[in-house]
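Grab a pencil and work through a few short exercises on the model below. Try each task before you read its solution.

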Amino acid sequence: MRAARRAPKGLASSATIIIYINVDSMEQTMARSRTTPQDIRIEKRNLKFGRDVPMRRWWHGDDAGRTAFYNALSSTFPVGEKFFMTAVRHYRDDVDETLREQIDDFIYQESMHTREHIVFNQQAQKAGYDIAPLERRARRTIDWAKTRPMIQQLAATCALEHFTATLAHDLLKDPAHLEGASEEPSKLWRWHAIEEIEHKAVAFDTYQVASRKLTRFRRWLKRSVVMAATSVRFHYVIFSNTADLLAQDGKNDLRTWARLLSYLYGKPGVMRKLLAEVFIYMKPGFHPWQVDDRHLLEKAQTSLGLDNHERMAA
């Protein structure tokens, strides 16, 4: 603990000491945060889904709401993944060799996600949906984000990567999330979840290096403020996109939304858990690998017939 600093004029010295002690305590907590496991493997896989099987319009259990939610998510991924890759690549030369290799693997995985979700979105279009307005809404948000300083773009990437890692964790942990889904979309989402967990700390670790000249408090404050703003925008885009798709089905009504919100915030409740993770992310000392979910990777890879140690050629 540092010695108490001189109280600013007009403030009680006792209150000021408490403030500074709290800041110092926060900094010490942040210094003890967990790091990425040294043996984590970010696998390069070149998998393709759904080329030969047309997608059912309501592919998720013949449920318009669940289908709309996942289609809404997918519509944001191509432009979002490219944003992530750019933000992390910008700092590639500033990090050590280990993290540099992880960045390269991160970029490979995200490029595969972009490709496969472009195909997925095309399949949704063939099933009768107009995806273009959804993609434009996501692009407007990303275009605005690109006007911010690069460190803030990286912080936004960290926030969104935490969202996807949270969704991925719950998707693999609880089969109820994809219960009733068609085989090919189910495989796509589980594969995507595996890789989101594998690389869940790459952007965050890069941010820690990129922001190293900031005090620990300012580093924490920046990522927390950006998380708050990103969370609001994320929910707006996803639920606006979901509403657009439900309107195309003539299902943008109270009954459909009640059933969907029960699925998202009740049981299994992936969005309820995501909201909780917003506040966990804001805790001093947070690190993505404080939740070690490598056991979920092993189980999911077995279910998809993937070799845990295989690195497929592009």
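Here are three exercises, each with a worked solution.

This is a predicted model, so local features need pLDDT of at least 70, side-chain atom pairs count only at pLDDT 80 or more, and totals for chains, interfaces and linings use all residues. Residues are numbered from 1 along each chain as its sequence is written, and side-chain values use heavy atoms, with hydrogens and water left out.

**Exercise 1.** Check the span of helix α6 (residues 183-198), then work out how enclosed it is.

*Solution.* Helices are DSSP runs of H or I with at least four residues, numbered from the N terminus. The expected span is 1.5 Å times one less than the number of residues. For the 16 residues of α6 that gives 22 Å, and the end C-alpha atoms are 23 Å apart, which agrees. Next, burial (under 20% relative accessible area, 1.4 Å probe, protein chains only): twelve of the 16 residues are buried, so α6 is largely enclosed by the rest of the structure.

**Exercise 2.** Describe the ring pair of Tyr70 and Trp189, and say what it ties together.

*Solution.* Rings of Phe, Tyr and Trp (its six-membered ring) pair if their centres lie within 6.5 Å; planes over 60 degrees apart count as edge-to-face. Start from the total: the whole structure has 14 aromatic pairs. Trp59 and Phe120 make one edge-to-face pair, 5.8 Å centre to centre with 85° between the planes. Tyr70 and Trp189 are also edge-to-face, at 5.1 Å and 70°. Tyr70 lies in helix α2 and Trp189 in helix α6, so this pair ties together parts 119 residues apart in sequence.

**Exercise 3.** Find the cis peptide bond and place its proline.

*Solution.* The bond joins Lys267 and Pro268, with omega about 0°. Pro268 sits in the loop between α9 (254-265) and α10 (270-281).

Conventions: Helix = DSSP H or I, 4+ residues; strand = E, 2+ residues; numbered from the N terminus. Buried < 20%, exposed > 50% of the residue type's maximum accessible area, 1.4 Å probe, protein only. Phe/Tyr/Trp six-rings, centres within 6.5 Å; stacked < 30°, edge-to-face > 60°.
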